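Trainee: Please give me a close reading of one part of this model, and set the remainder of the chain around it. I should like each term to carry its cut-offs.

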Amino acid sequence: MNDVLSLIVLCAFTVLVTYQWRHEVQVYHMFINGSLSSLTFAPARPATLSRNQNATASTVVTTRTNLATFPTRNNATTTSPQTVFTTSQTVSSVCRNPFREEYLRKQDYLCSRPLGRFGNLMFIYASSYGIATYNNRTLIMGKALMLTDYFNLNVLLVDDFECVVTGTKGVGPRQACAFDERLMHIAIGENICIGNYLQSYKYFEHVQEAIKKQFTFKKEIRDKAMGIINGAINTFHKRNTTLKDTRLVLVGVHVRRGDMVKNKFGYAVATPEYLANATQYYRDKFPNRLFIVCSNGMAWTKQHVVGDDVFYVEGNTFEVDMAVLVTCNHSLTTVGSFSWWAGVLAGGQVVYYQWPAIEKSGIRRHFSANYTDFFPPSWIGM
């Protein structure tokens, strides 16, 4: 009897897990196939507040800048982008948030719901900030924003975010990793929620210094990163005792593997040939260089990035890894948004893998034709 009950429980659990997995894959395929424009957003659970509860906003910090700094492009349009979602209307009758009254009265806010992991969140924040400044709007996000654990951001963080923004129309880009000029010309007169991904530097190039400043890691993270860097330099000097010039040029290397190696969406991974060419480029350019290597596939990476001038960084959290990479003078990136941000924030030369998506794949269609909306023109593709 116990065996029969165990079998029933196992079957039920298998069905439940399979259903959840199929649902997640379906949503991801909707993104890949560009059909998110048909979605209607609704919170998983309406926000409810009792009579003695208030949803309050933190100190208001607006994100306004000189709009004339953003370059005009030939395909610019002054029409509003297509609607992607409208937040659920069911919350309005129970919302007691005093900030919501101001939100409805001013009608000049841009709200954003970042989704994804670290690099994706950074893209969404930076692009939302850039779009808000260009459209002369105040950017608001929920107080649960994970990025605030690592950075001091210039954004209005709101308690009970879904309660505040309920009923707000949403707009989003045509492609996840390409620039959509329409988002820089959102019609005035109503609050707007911006869509996700937004992975193009062109959304925030007019405020890039402000973004770099905001993406400065908090002191405790920087201190951990510097400890690792100093340890790497000491290890290098012990290996190379005859080196006369002790001044080193640090090259941060990020090798993305893991979930990118076997995927059904068309992502590519950097090849051994690319890593050999990219490391040789820096070896030819800087006689006294040290490669600081982070990877989520370190066993594979250790076979293809080798030498007395290589130091492997292991056993740290993702934010410490990125803090290490951005502390370096130059960057060698592979694929993914984490690698991309490591290159941008380090601020030196960036060598990148120029084929991040398989041709004719679903994800390839979300990049511009020649990837120029994704990779800055100063970077060196190989």
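Mentor: Let us begin with Phe338, which touches Phe118, Gly119, His254, Phe318, Asp321, Met322 and Leu325 when residues up to four places away in sequence are not counted; a contact here means heavy atoms within 4.5 Å. The model is predicted, so local features need pLDDT of at least 70 and side-chain atom pairs count only at pLDDT 80 or more, while totals for chains, interfaces and linings use all residues. Residues are numbered from 1 along each chain as its sequence is written, and side-chain values use heavy atoms, with hydrogens and water left out.

Phe338 is found in helix α10, where helices (H or I, at least four residues) and strands (E, at least two) are DSSP runs numbered from the N terminus. With 13% relative accessibility, Phe338 counts as buried; that label means under 20% relative accessible area, exposed means over 50%, and partly exposed lies in between (1.4 Å probe, protein chains only). One of its contacts, His254, is 84 residues away from Phe338 in sequence, yet the two C-alpha atoms are 8.5 Å apart in space.

Asp321, Met322 and Leu325, which Phe338 touches, are among the buried residues of α9, together with Glu319, Val320, Ala323, Val324 and Val326. Helix α9 is largely enclosed by the rest of the structure, because eight of its ten residues are buried. Those buried residues pack against α3, α6, β7 (249-255), β8 (289-295) and α10.

The packing of α9 (residues 318-327) on α6 (residues 219-239) can be described further: their axes come within 8 Å and cross at roughly 65°. Axes are lines fitted to C-alpha atoms, for helices over the stretch in contact, and angles run from 0 to 180 degrees between N-to-C directions. The crossing of α6 and α9 is right-handed, that is, the near helix is turned clockwise from the far one by less than a right angle, whereas an anticlockwise turn would make a crossing left-handed. On the α6 side the meeting residues are Ile221, Lys224, Ala225, Met226, Ile228 and Ile229, and on the α9 side they are Glu319, Val320, Ala323, Val324 and Thr327. By class, the residues of this contact of α6 with α9 divide into eight nonpolar, one polar and two charged. In that scheme Ala, Val, Leu, Ile, Met, Phe, Trp, Tyr, Cys and Pro count as nonpolar, Asp, Glu, Lys and Arg as charged, and the others, Gly among them, as polar. An α-helix has 3.6 residues a turn, so residues three or four places apart point the same way.

Helix α3 (residues 118-134), another partner of α9, contains Ser128. Ser128 is buried, with a relative accessible area of 0%. Apart from neighbours within four places in sequence, Ser128 is in contact with Leu110, Ser112, Leu139, Met141, Ile194 and Leu198.

Returning to α10, we find Val344 in that helix. Val344 is buried at a relative accessible area of 16% and touches Lys212 and Trp379, again not counting residues up to four places away in sequence. Val344 and Trp379 are 35 residues apart in sequence, with 9.6 Å between their C-alpha atoms.

Val344, Lys212 and Trp379 also appear at the second largest pocket, which holds about 290 Å³ of space. Of its 18 lining residues, the closest to its centre are Gln208, Lys212, Val344, Pro376 and Trp379. On a 1 Å grid over the protein atoms alone, a pocket is an open set of points where a 1.4 Å probe fits, with protein on both sides within 12 Å along at least five of seven lines, and lining residues have an atom within 4 Å of a point. Grid points are joined across faces, edges and corners, and a volume is the space filled by probe spheres set on the points. Helices α5 and α10 (337-346) each supply at least two lining residues, and α10 gives the most, with four. The lining divides into ten nonpolar, six polar and two charged residues.

For the wider setting, the protein chain has ten helices and twelve strands. Of its 382 residues, 49% count as buried. Among contacts with a separation of 6 or more, 75% join residues 24 or more positions apart.
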